[in-house]
Amino acid sequence: MEKIEFFRHNIDEEDISRVSDVLRSIFLTNAGVTKSFEEKFEKYLSVEHVIAVNSCTAALHLSLLALDIGEGDEVITTPMSFIATSNAVLHAGATPVFVDVEPVYGNIDPSQVEAAITPKTKAILPVHLYGNMVDMRALRTIADRHALYLIEDAAHCIEGERDGVRVGELGDTACFSFYATKNITSGEGGAISCHTEEMAEKLKRLRLHGMSKDAASRHGGSYKHWDMVDLGWKYNTTDIQSALLIGQLEKIEDRHARRYQIARRYAEAFDNAGIEYIGAAEGMKSACHLFTVLVEERDRVITEMNANGIGVAVNYNPIHLTSYYRDRYGYKEGGFPVAESIGRRTISLPLFPLMRDDEVEYVIKALIGALNR
Ligand SMILES: *Cc1c(COP(=O)(O)O)cnc(C)c1O
């Protein structure tokens with residue numbers, strides 16, 4: 001068996017030719033392709049507005065800024081995520097307040113959220129971890145009862161749906177990532193979905209310096225003066241990246257079906273072998289972004305998997321145990337025991353649509369072998 005990387009992208013000739021068209025055009029940034037991607041993504045999500053940006057981190061940051069969350073405010077979120085989630089809260093000048101996760105999917109535990117609400121709380125920021133959606137109805141009810149905003153970190157969950165609720169449907173905004181290993185990718189990239197025209201306009205201004213006109217319209221036709229009305233950031237994406245995403249979005253459901261098939265096979269094999277895992281949830285449409293097994297002696301198992309030519313990842317060592325968060329906020333081991341228990345044991349296995357059946361079997365065999373040693 002050759003090496004099985006943790007992830008291989010699905011960029012095909014059609015995507016490459018769409019990018020070539022942009023490269024042969026005059027403006028390499030915003031001349032319509034990004035707008036076209038945004039419209040297609042709005043349709044796919046059935047959401048009113050999508051604003052493309054250069055990362056999910058930027059999407060989270062801008063969501064907070066657009067909702068006027070900053071200095072002195074608290075945002076309730078999960079320690080079981082990539083550091084980007086709570087870092088965005090820090091970027092906005094606010095304070096992340098962690099709530100432990102439930103043990104089944106590793107998502108923020110809605111039953112513990114209300115106890116963390118203080119007069120300073122402005123928003124709840126859940127993550128749909130590994131592609132399995134948080135109970136958004138429960139969180140929306142809590143948010144409404146306390147007049148809080150709800151921002152979804154949907155970096156793992158473009159395709160998700162739960163209890164008839166689509167990702168992005170109940171959140172004031174939802175934030176998506178097109179980073180290199182995500183379900184659709186432009187290397188780097190992100191997007192924000194929202195429901196009102198006012199919010200969309202604010203987000204568009206904030207992604208480009210707070211300017212009243214974007215770069216493309218600055219160059220179209222007769223000269224127009226622009227103004228700066230907010231202090232914004234430089235978070236816009238380019239047509240080169242958007243051109244890569246359009247075709248992947250068209251094919252996302254077919255590729256999701258293959259991800260689901262692989263996740264089912266892993267689940268079946270690990271049920272038989274008695275290996276604990278967090279795979280695609282039953283009874284909801286999981287985006288099947290990551291398939292994570294929970295094992296003792298995790299680091300030894302990773303070394304053995306690597307020695308067998310298999311790429312794996314750790315998603316995640318909990319955020320509150322990183323040096324920065326420990327030093328600055330005094331977080332310690334034991335603060336969020338469920339997140340820590342997942343964090344100590346988690347290994348994400350290769351899961352991508354181009355993965356062949358024999359590769360899936362090889363990974364299963366290697367894992368069982370490593371655990372039996
Ligand atoms: C990848 C990821 C992000 C950050 O996305 P970028 O596009 O790299 O900024 C945020 N949250 C989660 C859960 C992620 O996995």
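In the predicted model, helix 3 (56-66) and helix 4 (84-91) each contribute at least two residues to the shell around the ligand. This shell comprises 16 residues, of which Thr57, Asp153, His156, Ser177 and Lys182 come nearest to the ligand. When the residues of the shell are sorted by class, seven are nonpolar, seven are polar and two are charged.

Polar contacts to oxygen of the ligand are found for several of these side chains. For His156, an N or O atom of the side chain is placed 2.7 Å from an oxygen atom of the ligand, and for Ser177 the separation between a polar side-chain atom and an oxygen atom of the ligand is likewise given as 2.7 Å. In the case of Lys182, an N or O atom in the side chain is found 3.2 Å from an oxygen atom of the ligand. Taken on its own, the ligand has 380 Å² of accessible area, and 94% of that area is covered by the protein.

The space that the ligand takes corresponds to the second largest pocket of the model, for which a volume of about 400 Å³ is computed. The lining of this pocket is made up of 24 residues, and those closest to the pocket centre are Phe82, Ser177, Tyr179, Lys182 and Tyr316. Ser177 and Lys182, which are listed here among the residues closest to the centre, are also among the residues that come nearest to the ligand. With respect to secondary structure, helix 3 and helix 4 are the elements that give two or more residues to the lining of the second largest pocket, and the most is given by helix 3, which supplies three residues. By class, the lining of the second largest pocket consists of 11 nonpolar, 10 polar and three charged residues.

Enclosed space was also examined. The count comes to four cavities of 30 Å³ or more, and the largest cavity has a volume of about 50 Å³. The lining of the largest cavity is formed by Phe6, Phe7, Thr181, Asn183, Arg259, His289, Leu290, Leu349 and Leu351, a set that divides into five nonpolar residues, three polar residues and one charged residue.

Two features of the backbone complete the description. The peptide bond that joins Asn315 and Tyr316 is cis, with omega of about 10 degrees. Tyr316 belongs to the loop between helix 11 (298-307) and helix 12 (323-329), and this residue is also one of those closest to the centre of the second largest pocket, the pocket whose space is taken by the ligand. The other feature concerns Cys288, which has a positive phi of about 50 degrees although this residue is not a glycine. Cys288 is placed in the loop between strand 10 (276-278) and strand 11 (291-294), the loop in which, by numbering, His289 and Leu290 of the cavity lining also fall.

Notes:
Residues numbered from 1 in each chain as written. Predicted model: local features only at pLDDT ≥ 70, side-chain atom pairs only at ≥ 80, totals over all residues. Heavy atoms only, no water. Near = heavy atom within 4 Å. Polar contact = N/O pair within 3.5 Å; in protein donor to acceptor, adjacent residues only side chain to side chain. Areas by Shrake-Rupley, 256 points an atom, 1.4 Å probe, with all protein chains shown as cover. 1 Å grid on protein atoms, 1.4 Å probe; cavity = no way out; pocket = protein on both sides within 12 Å on 5 of 7 lines; lining within 4 Å. Sits in = over half its atoms within 2 Å of the grid points. Helix = DSSP H or I, 4+ residues; strand = E, 2+ residues; numbered from the N terminus. Nonpolar A, V, L, I, M, F, W, Y, C, P; charged D, E, K, R; others polar. Points joined across faces, edges and corners; volume = space filled by probe spheres on them.
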